[in-house]
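Trainee: I would like to take a close look at one part of this model, namely the charged pairs, and then see what lies beyond them.

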Amino acid sequence: MFAILKKLKEARLKEKSLISPEPEAPLKIVLCFPNRYSVAMANLGFQWVYKLFNEIPEVYCDRAFYPDPEEELIYFQKNLPIYSLESRKPLNQFDIVAFSLSFEMDYVRALKMLNFSRIPLRAEIRKKGLDKKHSYPLVMAGGIAISANPEPMADFFDIMVIGEAEPVIEPMIERIMERKDKSLDNLNLIFEDLEGIYIPSAYQYQYDEQGRIKARSAISPAPEQVLRVQAHTHQLPAYQVIFTPEMEFPELGLIELARGCKRACRFCLAGYFTRPFRSASYPKVIQAIEKLLSYRSQLGLISAVISDWEGFPALLDYLERERIPFSVSSLRIEAVNQKLLELLKKSNNKTITFAPETGSKALQRYINKEVNFSKIAQVMKMVGAYQFEKVKLYYLLGLPGEDELAVEEIPISARRIQTALQMGAGKKRYPGIVEITLSPFVPKPWTAFQWLKMADEKELMEKIKRIKVQLKPGQGFEIKSDSIREAIFQGVIARGDRNLSNWLEKLALNQISLSQLLKNQALITQYLRERDPEEIFPWDIVDPRVKREYLWKEFNKAKQGKITPPCRENCKECGAC
Ligand code: SF4
């Protein structure tokens, strides 16, 4: 235990922070990220929520993380609780334990954090414990994955935040502070009229003999659906507030230029679930950059498509004039120009990342991400001319209608890209690597593809194998593939319901392994199957602002190969504006 506390102390000492938490504040919150410290600290959403909590005068917000992989066993063997980073207290000594859950794969680790900390996993058990004068913290969660479909984790949390944190954190804390009755029975009454707050215990479900939802009803006063809340433009931009050499990309100061996405990629949860596109104001971005530059010499610019932010040309001029190096996470091919590449090269970026998703023209239209090859070739020639050391390409595998030819088109597209890079490099020849990542397509809730069946393990493995034999490392390619088993588990959870809670609990308590769970074919089929057009989905408890009819229309347009243009002025089409 002493070694763990010492490690936390050392990590804290290496941090520089724009935030001064108030340890004497009456309400003690620990914000938990169910992954290792270095990953958590590179997550801008996590850092920003930490800032939002600590801005409330009545709140002291600390942080906690999942142990590093090599330490996990020690926690189990020695029965150690998770300690917070700053006050180094076990999680069960806080008033609120709040989880940031942006990835389905983090759910089990979140439950393990509760279990390590002697907090009963199930909200119902904690409720009974409170009656007997045990004192358990309120356990809550937020983040895009849990907001889109809170149901697989509904039995574990007292409160869930649906949507973005900015508009809801303060009124939520106000109501928690004001409540006289500390039992967990009345939470639905306290939050009944507060948008974005979901109290799972206020609802019950009925299922048919096939395990599909027959009906959902509120067992005590609660809204029919929980409206997704979203930040106003004046609450943007979010930017990094804690700086440490121990985080991933330690050289970068992170800033989000815009929230949401104008494009309408039909597979993308973030694209639909963060609509509409909202820009941060240019002067506020510059102010935030000035703060970041006191701690970092390079910026990490974050946005779904950075060039869609209207201030981007002016920002490029500013960064060039002030000689501020920067990086971007991924580039949209049609948004690349000479100046952007030149500045990225001057900023000492070694890698450029694109996500073509597919090599097939028909599938490009299916997913609504169409780029013609002459544009790709033109951009890759420019990239080759700048001699970036690596070009990363992301492709999806297992899209519907992906026949043998469409699979073959991935290596064909990668080779054409490599040829264009070499042409661009001219006499110097392109010396770099083309790295290809193959990711299984996972149908997500609140996308146009929420009705689709997910491809099975065998099909995905065969496709990956076929591509791997065609692109050899000796030819300048590196091929990576996401874990198929993890993708399948992700697929199960993404469109899961409350019946998964027993399985998630068993995984968290190490009573079964992921491999054992994935052998349960009936369970896998139940959740990865094609959905009926009118079926009641577990995630229907959420009102995402984007209408279901719009998504259905988009699904049909996909089947017809019809393109939907990006968001535009005076549009009311999807319901989000
Ligand atoms: S209403 Fe139109 S502009 Fe607004 S998010 Fe939807 S598609 Fe985009």
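Is E457 buried, partly exposed or exposed, and what is its relative accessible area?

Mentor: Bearing in mind that this is a predicted model, E457 is partly exposed, with a relative accessible area of 28%. Its salt-bridge partner is R485, and the closest N and O atoms of the two side chains are 3.3 Å apart. This pair links distant parts of the chain, since R485 belongs to helix 18 (residues 484-494) and E457 to helix 17 (residues 457-470), with their positions 28 residues apart in the numbering. R485 is likewise partly exposed, at a relative accessible area of 32%. As a general point, side chains of opposite charge can pair when their charged atoms come close.

A second pair can be read in the same manner. The side chains of K390 and E478 meet in a salt bridge, with 3.4 Å from N to O. Here too the contact links distant parts of the chain, with K390 in strand 18 (residues 390-397) and E478 in strand 20 (residues 477-481), 88 residues apart. E478 is partly exposed, its relative accessible area being 30%.

In the salt bridge between E55 and K51, the closest N and O atoms lie 2.6 Å apart. The two partners fall into separate accessibility classes: E55 has a relative accessible area of 48% and is therefore partly exposed, as the exposed class begins over 50%, whereas K51, at 12% relative accessibility, counts as buried because the limit for that class is under 20%.

These pairs belong to a wider set, for the structure holds 46 salt bridges. Some charged residues are joined in a network of such contacts, in which E164, E166, E256, R259 and R278 are linked.

Charged residues also appear around the ligand, where the surrounding residues are R275, C567, R568, C571, K572, E573, C574, A576 and C577. This shell divides into 5 nonpolar and 4 charged residues, with no polar ones.

Finally, there is a helix packing to inspect, that of helix 11 (residues 282-292) against helix 12 (residues 312-321), whose axes are 11 Å apart and meet at an angle of about 30 degrees. Helix 11 is therefore roughly parallel to helix 12, a description that applies to angles under 35 degrees. The crossing of helix 11 and helix 12 is right-handed.

Note on methods:
Residues are numbered from 1 along each chain as its sequence is written. This is a predicted model: local features need pLDDT of at least 70, side-chain atom pairs count only at pLDDT 80 or more; totals for chains, interfaces and linings use all residues. Side-chain values use heavy atoms; hydrogens and water are left out. A residue is near a molecule or strand if one of its heavy atoms lies within 4 Å of it. Ala, Val, Leu, Ile, Met, Phe, Trp, Tyr, Cys and Pro count as nonpolar, Asp, Glu, Lys and Arg as charged, and the others, Gly among them, as polar. A salt bridge is a side-chain nitrogen of Lys or Arg within 4 Å of a carboxyl oxygen of Asp or Glu. Buried means under 20% relative accessible area, exposed over 50%, partly exposed in between (1.4 Å probe, protein chains only). Helices (H or I, at least four residues) and strands (E, at least two) are DSSP runs, numbered from the N terminus. Axes are lines fitted to C-alpha atoms, for helices over the stretch in contact, and angles run from 0 to 180 degrees between N-to-C directions. Angles under 35 degrees count as roughly parallel, over 145 as roughly antiparallel, 65 to 115 as roughly perpendicular and the rest as oblique. A crossing is left-handed if the near helix is turned anticlockwise from the far one by less than a right angle, and right-handed if clockwise.
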